[in-house]
Amino acid sequence: MGLSDERGPQVAVVLSVQSNKASLAIGASGRQQIQPLRQLQLLGACPGDGAQPQRLEQLPWHITEDALTAAVPSRRDVAAAWLLMQADGHPLTLPDWVDLVCSRRDGLTVAACWRWCHGAQTLFRLRQGHVEARGLNDLRQLRRERRHQQLQAEAEQRWHQALRLRQPLDPHDLASEHRQQLELLECWAGGDCTSPLPTQLKQALHAAQCTADTGSIRHLLVDLGLWQAHHLPSLRATTWEQGFSAELLAEADRLLEMAEADRPGDIDRVDLMGQRSVTIDDSDTRDIDDGLALETTPTGQQRIWIHVADPGRLIEAHSPLDQEARRRGSSLYLAGGILPMFPEQLGTGPMSLRAGCRSAAWSLWVELDAEGAIAASGLQRSWVKPTYRLSYGDADDLIDLAPPQERDLADLHGLLQRRRQWRVRHGALLLDQPEGRIQCGGEEPLLEITEPSPARLLVAEAMILAGAVVAEMGREYNLALPYRSQLPAALPPEAELAALPAGPVRHAAIKRCLSRGHTGTQPSGHFSLGLPAYVQATSPIRRYADLVVQRQLLALQQQRQPLESEALQVLLTDLEGPLRQGQQISREDQRHWQQVWFDAHRSDHWPATFLRWLRPQDRLGLVHVESLAMDLAADCPAGSDPGDLLQLRVHKVDPLRDQLRLLASG
């Protein structure tokens, strides 16, 4: 009997027949199976009396692979039969065809030829028990198809072999089908697993000892040289990854060339270039948003000047570069560098307050009373020329040493300390502490700890002061601005806080009570800053909303119609998506580089302090590591209390799988 199933064509012997089913012994192994008669094809009869059902070993001849192979006709006989049948043009029954090719038609020979006809031969077609010779055109087409299938199979084999070897490969060397599979693997590596993996690809991954999950596929692609070990999936296909288009860069170059030419409103700017002003930033900062100066008025009053860059001088609202900045929402600060909101040649060039260069600015001045409250203030567009560019370390030295010829920074520090204490008396929370962050030095992770030094506190307080002045101005003139607010919080009782160690432990108890900040178009109190209203207004090169603040203020000064509250709210709503995306990318970036750093220090131990429980049912708590200046989630001993001293170590880390599990023990 001939049987075709999922295993292909097989030769079988009927052991018995009952009704419409037959009991079969299949192949050389004699595997027994029951099949419907309609699925079987009679190939020939075995010698025997047929009186009784026979067992396989009782048959006078046995179906063996060697016997079937030996009964297959020779290539010469097959070719001769094809020529004869081509000339005749008529099909033959299977037994007659076997007789023509082999000069015999016994059961074994018929069975061998039947199986041969179902195999990889191209000369004959077996249909409904008849054999016909294929036409010459059909034969050529079939051979082309077979050759194509062979090439596909070889390409498939090379692709699977490449995956198994896990050695770098060039995607251009792959067939288009396999490049598509590679693109699918890249989607999975990026976290998009919506498209299922084909069965053959799953089998190839299994052979490469790679499970069908995001982390394993990332490891495989890194080995193949097709995935960067530090690639951020959340950055994939975003405006940040695409960069600025050639058209936008050309527009930036055009603005760069005309930066020194007169622009609308330049004639109305106040000339403050003779003022001794300084900028204070990290040593590697190139886009400089703000500067500071101190002036003594004729009446002896000390006046604080806060100069803020004015990118709106070059960037018109709704222009292509303005729309691109709006799509980004802010500059993005990653471990490996900055992805700016504006093209670099503008952001680090004419937009910045560069030492020794005439720069367009918004200049805000403030006079404080003896308590630190705002006694008087003013705001105008100006020209400034910063005298010095200082790093925070340089500024700390000038504050500490206060040389007679350079006392301005020390005096500014004193004034802003007075202002800081005024905010504390009005409820501000001082939660300053060292902050650790992992930066990327090439491929190596570097720990960078930022201390709350006098210069950093001075700059931070000056920016908060500027935000308070702008917010008060907006409230006075009923001007819609992106006000930052925070609802009042019920803090733990003073006695409870006093019982906690000062610093990170106490800060953690306070922070868990605070609500998230909110941005709206109406002024409202900011609890942790201790202010009745506040607006972020000092980073227009880095934050689009700060640029919007300047445009609202300019409309007010020029007696033009600024954006109404509803229109501004629409703009702020549009910014929410880009800002949320930027935060996600920044968090993923820092989390990844933390994992890389801990992977490089997996054998180290660090003293840690327990802060609070995150998920006590899972024994997941928050600990502070002073030597790293970080608050980290870790598995903690049951019953841990705030302030308990622990030892932290790495339990499991795999940056490509986005895994970091820290273990804190007593």
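Reader: What makes strand β22 a partner of strand β25?

Author: Two strands pair if DSSP finds at least two bridges between them. Here, β22 (residues 605-615) and β25 (residues 645-654) are joined by five bridges, so they count as a pair. They run antiparallel. One bridge matches Trp 606 with Leu 648 of β25. Before we go on: this is a predicted model, where local features need pLDDT of at least 70 and side-chain atom pairs count only at pLDDT 80 or more, while totals for chains, interfaces and linings use all residues. Residues are numbered from 1 along each chain as its sequence is written, and side-chain values use heavy atoms, leaving out hydrogens and water.

Reader: How do you know that β25 also pairs with strand β26?

Author: Same test: β25 and β26 (residues 659-665) share seven bridges, so they pair too, in the antiparallel sense. Val 653, for one, is bridged to Leu 660 of β26. The two strands form a hairpin with four residues between them, and Asp 658 takes a positive phi near 55° there.

Reader: Why are β9 and β17 called edge strands?

Author: They belong to an open sheet of seven strands, in the order β9-β16-β15-β12-β11-β10-β17, with mixed pairing. β9 (270-271) and β17 (388-391) each have a single partner strand, so one side of each has no neighbour in the sheet. Further in, β10 (residues 277-281) and β11 (residues 290-296) run antiparallel and are joined by two bridges. One of the matches is Val 278 with Leu 292 of β11.

Reader: What does helix α13 touch on that sheet?

Author: Helix α13 (residues 392-401) touches β10 and β17, and its direction makes about 95° with that of β17. A touch here is a contact, meaning heavy atoms within 4.5 Å.

Reader: Why is Leu 364 called buried?

Author: Buried means under 20% relative accessible area (exposed is over 50%, partly exposed in between, with a 1.4 Å probe and protein chains only). Leu 364 has 4%, so it is buried. This residue is in strand β15 (residues 359-368). Leaving aside neighbours within four places in sequence, its contacts include Ile 304, Trp 305, Ile 306 and Val 470. His 307 is 57 residues apart from Leu 364 along the chain, yet their C-alpha atoms are separated by 6.2 Å.

Reader: Is Ser 485 buried or exposed?

Author: Its relative accessible area is 10%, so by that cut-off Ser 485 is buried. Ser 485 is found in strand β20 (residues 483-485). Beyond four places in sequence, Ser 485 contacts Gly 517, His 518, Ser 524, Gly 525 and His 526.

Reader: What makes you say that Arg 303 lies over Trp 365?

Author: The CZ of Arg (or NZ of Lys) must be within 6 Å of the ring centre and within 35 degrees of the ring normal. Arg 303 lies over the face of Trp 365, at 3.7 Å from the ring centre, a distance that fits the 6 Å limit. Arg 456 does likewise with Tyr 392, its charged end sitting 4.0 Å from the centre of that ring.

Reader: Which residues do ring pairs link into a cluster?

Author: Trp 97, Trp 116 and Phe 124. The structure holds seven aromatic pairs.

Key. Axes fitted to C-alpha atoms, helices over the stretch in contact; angles between N-to-C directions. Phe/Tyr/Trp six-rings, centres within 6.5 Å; stacked < 30°, edge-to-face > 60°.
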